[in-house]
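Please open the structure in your viewer and keep the selection tool at hand. The stops below are meant to be taken in order.

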Amino acid sequence: MHAPVLPVGNEYLSIPHLDPRTGEIPDVFALSDRASGLLGLRGQRKPLLRIVCAHDDGSLHPFQPREAAREDAWTPVLRGSAGERDITVRFVAPPSERAIVISITATQPGTFGVAWNWDAVSVVTGEARDVPADLIVRAGDEDGVTTGEAFGPLPFIGWAIAADGDSATHVTDVDGDARRGALLRTCAAGEVGSFFVTVAIDGAGARRSALAMRATGAAAMVAETQRWLQARTVRLRDPAAEARANLNLFFNRFFATGRTLERGHLVAVTSRSPRHGNCGIFRARDALLWSLPGLCVQEPAWAGDLLLDFYESTWPQGGDHGLYLHGAPMFPADDLFS
């Protein structure tokens, strides 16, 4: 049986396995034209991303959530402690960015941050496979942005992490491997320390995205995300039903549709989570019978664009049982409702 998770994501990134018990993110996925499915960044010995607190002796202590909730029906919020300090962590996914914002609010002064452990890249088209690649991470000594790239031999996915503002400290693991490190920031009581995690087709694009987000500022991006979510919230008489309905509508929006990393191409998929057996592929039954009605309720314009793309990219084989993202059949034809 699967452990509980708090999935979150936006048009470009999906985070299906955010753990409410630890605040850890084992993997991050992006839709990819090149892979005709999902590309994923993940850890193995440790999760890809985790929240930490630095003690005076330099040791890093993990975040231990006590309470998990959502704001605006979608943004995960975890409250707990890191070391001896109470903190609140928000995982904000600006809808049109190839990034997430991790914001940490401390009740006592301390040094907090995000640690990474990057071990593998996977491709998912119904099933997940690791991709043989050279993983290279470069610390941002000049601009404070750490970037990673997967080469095989050309770069095909990159990521970056940067703090909001200039007062951040880069820490690498004791073995000197840059694929395992942390970015830390010292915060006063009540201060919010935010970190940007960006993804692009290479490290240069991810780095520039992080710098652009830093120029905009985390507070502005979080506020704009809140406005975006609230503008698409469906109101019901029953508060409990309203919360459940909107969570499902946002999950449908961000885990059944999205944009590809390379071209920003709008696509529909059965799922952007590897928990689903048909993750990363297109099936007309799932897109038209299950996903499209919810999209029409929440945002008809988005649903219309998706329907147009469906006819342009999948005709005439759209009724086949399964297609790659570029529209080619994945396995033998079957009828639409099988």
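The tour goes from the sheets to the cores and then to a pair of helices.

Before selecting anything, note that this is a predicted model, in which local features need pLDDT of at least 70 and side-chain atom pairs count only at pLDDT 80 or more, while totals for chains, interfaces and linings use all residues. Residues are numbered from 1 along each chain as its sequence is written, and side-chain values use heavy atoms, with hydrogens and water left out.

**First stop: the sheet of 12 strands**

Select the strands of the open sheet whose order is S13-S14-S15-S18-S9-S8-S7-S6-S5-S10-S17-S16, with antiparallel pairing. Strands here (E, at least two residues), like helices (H or I, at least four), are DSSP runs numbered from the N terminus, and two strands pair if DSSP finds at least two bridges between them. At the edges you will find strand S13 (134-138) and strand S16 (169-172), each of which pairs on one side only. From one strand to the next, the twist averages 25°.

Now narrow the selection to strand S6 (residues 60-71) and strand S7 (residues 75-82), which run antiparallel and are joined by eight bridges. Ala 69 has Val 77 in S7 as its bridge partner, and Phe 63 is matched in S7 with Ala 82. Three residues lie between the strands of this hairpin, where Asp 72 takes a positive phi near 55°.

Add strand S8 (residues 85-92), which runs antiparallel to S7 and is joined to it by six bridges; the bridge partner of Leu 78 in S8 is Val 89. The hairpin of S7 and S8 has two residues between the strands, and Gly 83 takes a positive phi near 65° there. Is S7 enclosed or open to its surroundings? Seven of its eight residues are buried, so S7 is largely enclosed by the rest of the structure; buried means under 20% relative accessible area, exposed over 50%, and partly exposed in between (1.4 Å probe, protein chains only).

**Second stop: the sheet of six strands**

Next, select the open sheet of six strands in the order S1-S2-S3-S4-S11-S12, where the pairing is antiparallel. Strand S1 (8-9) and strand S12 (128-130) stand at the edges with a single partner strand each, so one side of each has no neighbour in the sheet. Within this sheet, strand S3 (residues 27-32) and strand S4 (residues 37-42) pair in the antiparallel sense over six bridges, and Asp 27 stands opposite Arg 42 in S4.

**Third stop: the nonpolar cores**

A nonpolar core is a set of buried Ala, Val, Leu, Ile, Met, Phe, Trp, Tyr and Cys residues joined through side-chain atoms within 4.5 Å. Select Ile 51, Ile 87, Trp 118, Val 121 and Ile 157, the residues with the most contacts inside the largest such core, which has 54 residues. Strand S15 (residues 155-163) gives the most to this core, with five residues. Apart from this core lies another, of 12 residues, among them Phe 282, Ala 287, Trp 302 and Phe 310.

**Last stop: two helices**

Finally, select helix H4 (residues 284-298) and helix H5 (residues 300-314), which pack at an angle of about 155° with their axes 7 Å apart. Axes are lines fitted to C-alpha atoms, for helices over the stretch in contact, and angles run from 0 to 180 degrees between N-to-C directions. H4 and H5 are therefore roughly antiparallel to each other, a term that applies to angles over 145 degrees.

Technical notes
Angles under 35 degrees count as roughly parallel, over 145 as roughly antiparallel, 65 to 115 as roughly perpendicular and the rest as oblique.
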